[in-house]
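Subject: The structure you asked about

Hello,

Here is the structure for you to explore. Have a look around it at your own pace, and then read on for what turned up.

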Amino acid sequence: QVQLVESGGGSVEAGGSLRLSCAASGYTKIMAWFRQAPGKEREGVAGLVGVITQYADSVQGRFTISKDTATNTLYLQMNSLKPEDTAMYFCAGGDRWIPGRWKSITEYNAWGQGTQVTVSS
């Protein structure tokens, strides 16, 4: 079982930037970032398989997902942050890629513990 450890969360003002990191203990075919705000369901933010990237509409153009394959580290660069981006962010890993299903939490069998992102207005 691959272990995932996130870091890089924090508190910023609206318009600011943060970069999240996720260190993976091994290889997974697909990796993604999810977030969960209090009282809301966990939602997919960005997914990556090979050179294919996918983004939620709410973050398209502001967030960038990338991976350092040499170190198995996943990143999420978050720019132009908004208060509605406030949530716990989770890294996830899975073993298969099904187009259109990257946002489904059931496609992932490895999860990190989460890192908190708070954006103030």
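Two strands count as paired if DSSP finds at least two bridges between them. With that in mind, β5 and β6 are a good place to begin: they pair in the antiparallel sense, over four bridges. Please remember throughout that this is a predicted model.

**The hairpin**

Within the β5 and β6 pair, Gly47 has Gln54 of β6 standing opposite. The two strands form a hairpin with two residues between them, and Gly50 takes a positive phi near 60° there. As general background, strands of a sheet pair through backbone hydrogen bonds, and they can run parallel or antiparallel.

**An open sheet**

Next, try tracing the sheet made of four strands. It is open, its order is β1-β3-β8-β7, and its pairing is antiparallel. Which strands sit at the edges? They are β1 (4-7) and β7, each of which pairs on one side only. From one strand to the next, the twist averages 15°.

You can also follow one of these pairings residue by residue. β1 and β3 are antiparallel partners over four bridges, and Glu6 has Cys22 in β3 as its bridge partner.

**The nonpolar cores**

Now look inside. The largest nonpolar core has 28 residues, and Trp33, Leu76, Met78 and Tyr89 are those with the most contacts inside it. Several strands supply at least two residues each, including β4 (30-36), β8 (73-78) and β9 (87-94). The largest share, four residues, comes from β3. Another core lies apart from this one; it has eight residues, among them Phe34, Ala92, Trp97 and Tyr108.

**Aromatic rings**

Two of those names come back when you look at the rings. The structure holds three aromatic pairs. In one of them, the ring centres of Tyr108 and Trp111 are 6.0 Å apart and the planes meet at 65°; planes over 60 degrees apart count as edge-to-face, so this pair is edge-to-face. Ring pairs also link Phe34, Tyr108 and Trp111 into a cluster.

Are Tyr108 and Trp111 buried or exposed? Buried means under 20% relative accessible area, so Tyr108, at 6%, counts as buried. Trp111 has 29% relative accessibility and therefore counts as partly exposed.

There is a charge to find here too. The charged end of Arg42 sits over the ring of Trp111, 4.9 Å from its centre. Arg42 also lies over the face of Phe90, at 3.7 Å from the ring centre.

**Salt bridges**

How many salt bridges does the structure have? The count comes to five. Here are three of them, with the places they connect.

- Arg35 forms a salt bridge with Asp85, and their closest N and O atoms are 2.9 Å apart. Arg35 is in strand β4 and Asp85 is in the loop between β8 and β9, so the bridge ties together parts that are 50 residues apart in sequence. Arg35 counts as buried at 5% relative accessibility, and Asp85 counts as buried at 0%.
- Arg62 meets Asp85 through their side chains as well, at 2.8 Å from N to O. This pair links distant parts of the chain, 23 residues apart: Arg62 is in the loop between β6 (52-55) and β7, and Asp85 is in the loop between β8 and β9. Arg62 is buried, with a relative accessible area of 11%.
- Glu107 and Arg96 meet in a salt bridge at 2.9 Å, N to O. Both residues lie in the loop between β9 and β10 (110-111), so the pair ties together parts that are eleven residues apart in sequence. Glu107 is buried, with a relative accessible area of 7%, whereas Arg96 is partly exposed, at 48%.

Finally, which residues do shared partners join into one network? Salt bridges that share partners bring together Arg35, Glu43, Arg62 and Asp85. Asp85 is a nice residue to centre your view on, with salt bridges to Arg35 and to Arg62.

Enjoy exploring, and write back with any questions.

Best wishes

Terms used: Residues numbered from 1 in each chain as written. Predicted model: local features only at pLDDT ≥ 70, side-chain atom pairs only at ≥ 80, totals over all residues. Heavy atoms only, no water. Phe/Tyr/Trp six-rings, centres within 6.5 Å; stacked < 30°, edge-to-face > 60°. Buried < 20%, exposed > 50% of the residue type's maximum accessible area, 1.4 Å probe, protein only. Lys NZ or Arg CZ within 6 Å of the ring centre and 35° of its normal. Core = buried A, V, L, I, M, F, W, Y, C linked by side-chain atoms within 4.5 Å. Axes fitted to C-alpha atoms, helices over the stretch in contact; angles between N-to-C directions. Salt bridge = Lys/Arg side-chain N within 4 Å of Asp/Glu carboxyl O.
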